[in-house]
Amino acid sequence: MKRIFFYYLKPYYLRMAWGLFIKFSGTLMDLFLPWALAYMIDEVIPANQTKEILLWGGFMVACSVLSVIFNVLANRMASRVASDAVYTIREDLFTKVMYLSNRQADELTRPSLISRLTSDTYNIHQMLARIQRLGVRAPILLIGGIAMTMSLDPALAGILLATLPLLTAVVVVVSQKSIPMFSALQESTDRFVRLVREDIAGIRVIKALSKDDYERRRFDQINREVVERERKATVVTAVTNPAMNILLNLGLVGVILLGAYRVNSGVTEVGKILAFMTYFTIILNALLSISRMFIILSKAAASAKRVVQVLDAEDERELFKTVNGPEDRTEGRKTPHIEFDHVTFTYQEGKERSTLQDISFRLEKGETLGIIGATGSGKSAIVNLLMRFYDINQGTIRIDGQDIRSMDLKALRKKFGAVFQNDVLFENSIYENINMGRHMTEDQVQKAVAHARAEEFVGEKGGIKERLDIRGANLSGGQKQRLLIARALAAHPEILILDDSSSALDYKTDAALRQELRKYFAGTTCIVIAQRISSVMNADHILVLEEGEVLGYGTHRELMESCQIYREIGRSQMEIG
């Protein structure tokens, strides 16, 4: 919470101070009204002075008008400050999320990051807006109301003061219990968002497998958990208003009884009793506002903790700082374009078996490496390490003889054009999905579409200006993959990565695409991850992986002779074909 108040609100301190002054002035106008009414009833009206009655009446009207004007202005300023501050928080949070390392994103989980960017920042916005409105007005009304009652009748004010410790105890106890509850509620909300996201993304699979009832039961379980935690937190905070109402109403009864006795004894006047009851109502509303503010603060404190956890996290720009790599072992021989030198890596530290174990290979510029293996064998891990989404545990990865850890992260990734598994198309035009803010001309994009063998269906769709649905829902699987390949080819990358990017293509289109790459991208080093041997059999080198270890390395012909697993895969696919 300190980060929110002392960093994100700092640029708005002057504007907040001006708004608080206006709010303070408007609140004072409210406090003058009961006092003026008491004076009129007890002093002005008995004197029967019409001019003075009109004068005091005008004073009360002026106070009312000023109160409305000042409060409206202050509320507008408070809303503006809250909106601007949360805008900056969201900007910083989104930027941080974009630069989180893959390992951090895996630990925090993507649904949790979505929740922090949406519901958590909303809770902070509500808190910043309310605290500027109620945070000034309510305490002034409370303290000012008590001061006014003390000036009117100290004996009656003593009853009010006797209830304040009890009221404070209620607020403190409820706050201590509610903050952990709201934190637990946000965690349940994260799981709720994750389930909804998964089910909506996989709705066709659910329907195809007739798992509607099963998913409804899962949804019902997490939904009940969210509702139950929300109910418990709400029940705890709901105690505040009734408890404060009871205490204040008992105090008000005491004021009326004692006030009636004092009026009957001639110690005080009727106007003061009326003013006192009005102040009591003002104090009651102020305390209720403060209690509501504590509820909002409880939610915001839980949300701020989650937001600051991400903001304070070291992102990949800090984690993956450029370092001086080991000495270049390529001295005395031709420097390869890409080299994996005894690389070992695991996604989860402390895990007995590594994801990749002692991987070594070399690629010259313009060569193609095909990687094949069973699911979970570590094929995609090689790409993740090469683009430095994760850092290796042992060994060295070099590009043009330079350890990638000694390269600027952005400069490193600009060398690549990549199509990943389950890659994303955005709800935008085909042009923007390929351009991706890289300032490409329409001619460049058209050429990329042609290279990806997507020209025919793009023309049928209406051209590159045609808008796609979310995740490219208005395209077939093969059409999506060809647009993703066009995106990777558009900037003529130094290194091209195709991670299972032809699985939805028919054999004819796949072959035509490979021919296009050989013709127009002969100088581009390619890494092709595939399930089909036909997609990699013409590669200069083929790497066969099994549970993170190299079982075979060579050309298609060499592996058909020397690698049993590769031979079995080839024969089974040829039989199926």
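**Salt bridges, cores and overall form of a predicted model**

Arg15, Arg80 and Asp84 are joined to one another in a network of salt bridges. The model in which this network appears is a predicted one. Side chains of opposite charge can pair when their charged atoms come close. With a limit of 4 Å between a side-chain nitrogen of Lys or Arg and a carboxyl oxygen of Asp or Glu, the count comes to 19 salt bridges.

Individual pairs may be considered next. Glu225 and Arg191 form a salt bridge through their side chains, at 2.2 Å from N to O. This pair links distant parts of the chain, since Glu225 belongs to helix α8 (residues 212-238) and Arg191 to helix α6 (residues 154-201), with their positions 34 residues apart in sequence. Glu225 has a relative accessibility of 25% and therefore counts as partly exposed; Arg191, at 30%, also counts as partly exposed.

A salt bridge also connects the side chains of Arg398 and Asp341, with an N to O distance of 3.3 Å. Here two strands are linked: Arg398 is in β4 (residues 394-399) and Asp341 is in β1 (residues 338-345), and the two residues are 57 apart in the chain. Both Arg398 and Asp341 are buried.

The pair of Lys447 and Asp443, at 3.7 Å from N to O, is set within a single helix, α15 (residues 442-451), where the two residues are 4 apart, or about one turn of the helix. Lys447 is partly exposed, its relative accessible area being 48%, and Asp443 is partly exposed as well, at 47%.

The nonpolar interior offers another view of the structure. The largest nonpolar core contains 42 residues, and those with the most contacts inside it are Ile434, Val458, Leu483, Ile542 and Tyr566. Helix α17 (residues 477-489) contributes the largest share of this core, 6 residues. Apart from this core lies another, of 36 residues, which includes Val236, Leu252, Phe276 and Leu287.

Two members of the 42-residue core illustrate its contacts. Beyond its neighbours within four places in sequence, Val458 is in contact with Ile430, Val449, Gly463, Ile464 and Leu483. Tyr566 is part of helix α20 (residues 564-576). Because its relative accessibility is 0%, Tyr566 counts as buried. With residues up to four places away in sequence left out, Tyr566 touches Ile372, Ile533, Met537, Ile542, Val544, His556, Leu559 and Met560.

Helix α12 (residues 379-386) is mostly covered, with 7 of its 8 residues buried. The buried residues are Lys379, Ala381, Ile382, Val383, Asn384, Leu385 and Leu386. After α12 comes Arg388, which has a positive phi near 60°. On the surface, by contrast, Val61, Val65, Ile69 and Leu73 make a nonpolar patch of about 330 Å²; Val61 is found in helix α3 (residues 50-99).

The whole protein may now be described. Its secondary structure consists of 20 helices and 10 strands. The radius of gyration is 35 Å, well over the 25 Å that the globule rule gives for 577 residues, so the protein is more spread out than a compact globule. Along the principal axes, the C-alpha atoms fill a box of roughly 115 × 55 × 50 Å. Of the 577 residues, 47% count as buried. The protein exposes about 29700 Å², of which carbon and sulfur atoms supply 56%. Among contacts between residues at least 6 apart in sequence, 76% join residues at least 24 apart.

Notes: Residues are numbered from 1 along each chain as its sequence is written. This is a predicted model: local features need pLDDT of at least 70, side-chain atom pairs count only at pLDDT 80 or more; totals for chains, interfaces and linings use all residues. Side-chain values use heavy atoms; hydrogens and water are left out. Buried means under 20% relative accessible area, exposed over 50%, partly exposed in between (1.4 Å probe, protein chains only). Patches are made of residues with over 30% relative accessible area and no salt bridge: like charges are joined within 9 Å, nonpolar side chains (Val, Leu, Ile, Met, Phe, Trp, Tyr) within 5 Å. Accessible areas come from the Shrake-Rupley method with a 1.4 Å probe; for residues, only the protein chains shown count as cover. Contact means heavy atoms within 4.5 Å. A nonpolar core is a set of buried Ala, Val, Leu, Ile, Met, Phe, Trp, Tyr and Cys residues joined through side-chain atoms within 4.5 Å. The radius of gyration is taken over C-alpha atoms; the globule rule is 2.2 Å times the number of residues to the power 0.38.
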